[in-house]
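Got the model open in your viewer? Here is a short walk through it, one selection at a time.

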Amino acid sequence: MKWWYRTCGLALMGVAMPVLAVDCEREDIDHYLDRGFTPQQVLELCRPEAAAPQGDRPGPPQDRAYWRDVIDAMEVHLDAEALSFRREQCVEYDRPNFAQQRKKACGKVYYRIALEGLEVLGTEHKLLYWGQNAVEISSSSIERRFELGQQAMRERDQALLARELESGSKTRIPVRDGVAVDVVANRLKQLAR
């Protein structure tokens, strides 16, 4: 049944693409169909950005859905001023022991990236099993809140961990496997104010 649905969806988009000038690559369309989106939803997600409303209003609902689908994080939210998300993360700290292992603190990290001054610096691509797909960005304001269990740590460990925590105006936005990182980078450029 799935193959029939996909075949019909691709046929519908093949007819509709020239008329609607869809902005997605073939791999993006396949990704959306694999995730259970209907062909109509895929057409809405892939509509040209030129048709998106301008000004201080938040992006259209399908734009917010796009970011929830491509960012490898939870609680992804887009409004007129910022892109926010939460992700599980581990941070290594302290010097390595005899087995060359460092202490590790794991938990939740909350990001709020201002759209004002947003700039794409580059992209990173996963190589087989190494690394992660990501878009490196800078912004006029990046707020981070780390919940890594610091309250239960000794003062020394808290101080060592604090030195390793990311800060500043640059960060990496993680991109889900199977999503074209360059397409995400271009969409981020369009969000910039």
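Start by selecting R156: at 38% relative accessibility it is partly exposed. The residue sits in helix α5 (residues 155-164). Now add D94 to the selection. R156 and D94 form a salt bridge, with the closest N and O atoms 3.2 Å apart. This pair links distant parts of the chain, since D94 lies in the loop between β2 and β3, 62 residues apart from R156. D94 itself is buried, at 13% relative accessible area. Bear in mind as you click around that this is a predicted model.

Keep R156 on screen and bring in D157. These two form a salt bridge as well, and here the closest N and O atoms are 3.6 Å apart. D157 is buried, with a relative accessible area of 8%. What else belongs to the network of salt bridges with D94, R156 and D157? Add K103 and R154, and you have the linked set. The count for the model comes to 14 salt bridges.

Next, pick E124 and R172. Their side chains meet in a salt bridge, 2.9 Å from N to O. Again the pair links distant parts of the chain: E124 is in strand β4 and R172 in strand β7, 48 residues apart. Both ends are partly exposed: E124 has 27% relative accessibility, and R172 has a relative accessible area of 31%.

Stay in strand β7 (residues 170-174) and select T171. Is T171 buried or exposed? It is buried, because its relative accessible area is 3%, under the 20% cut-off. Show polar contacts and you'll find the T171 side chain 2.8 Å from the side chain of E166. Leaving aside neighbours within four places in sequence, T171 is in contact with Y111, I113, V135, E136, I137, I142, R144 and E166.

Now for the core. The largest nonpolar core has 45 residues, and W67 and L188 have the most contacts inside it. Its largest share, 6 residues, comes from helix α6 (residues 181-191). Center the view on L188 and color its partners: beyond four places in sequence, it is in contact with W67, L83, L118, V120, V135, I137 and I173. V135 and I137 may ring a bell, as T171 is in contact with both.

Swing over to helix α2 (residues 26-34), where the buried residues are D28, I29, D30, H31, Y32 and L33. Just after α2, stop at G36, which takes a positive phi of about 95 degrees.

While you have the backbone angles up, check two more. Most residues other than glycine have a negative phi. E75 has a phi near 50 degrees, a positive value in a non-glycine residue. E75 is in strand β1 (residues 74-78) and exposed, at 52% relative accessible area. Q100 also has a positive phi, near 60 degrees. Q100 is in the loop between β2 (82-93) and β3 (103-114), and its 63% relative accessibility makes it exposed.

Last stop: turn on the surface and select L127, L128, Y129 and W130. Together they form a nonpolar patch with about 610 Å² of accessible area. Zoom in on L127, in the loop between β4 (119-124) and β5 (134-138). L127 counts as exposed because its relative accessible area is 59%, over the 50% cut-off.

Conventions:
Residues are numbered from 1 along each chain as its sequence is written. This is a predicted model: local features need pLDDT of at least 70, side-chain atom pairs count only at pLDDT 80 or more; totals for chains, interfaces and linings use all residues. Side-chain values use heavy atoms; hydrogens and water are left out. Buried means under 20% relative accessible area, exposed over 50%, partly exposed in between (1.4 Å probe, protein chains only). Helices (H or I, at least four residues) and strands (E, at least two) are DSSP runs, numbered from the N terminus. A nonpolar core is a set of buried Ala, Val, Leu, Ile, Met, Phe, Trp, Tyr and Cys residues joined through side-chain atoms within 4.5 Å. Contact means heavy atoms within 4.5 Å. Patches are made of residues with over 30% relative accessible area and no salt bridge: like charges are joined within 9 Å, nonpolar side chains (Val, Leu, Ile, Met, Phe, Trp, Tyr) within 5 Å. Accessible areas come from the Shrake-Rupley method with a 1.4 Å probe; for residues, only the protein chains shown count as cover. A salt bridge is a side-chain nitrogen of Lys or Arg within 4 Å of a carboxyl oxygen of Asp or Glu. A polar contact is a pair of N or O atoms within 3.5 Å; within protein, one must be able to donate a hydrogen and the other to accept it, and residues adjacent in sequence count only if both atoms are side-chain atoms.
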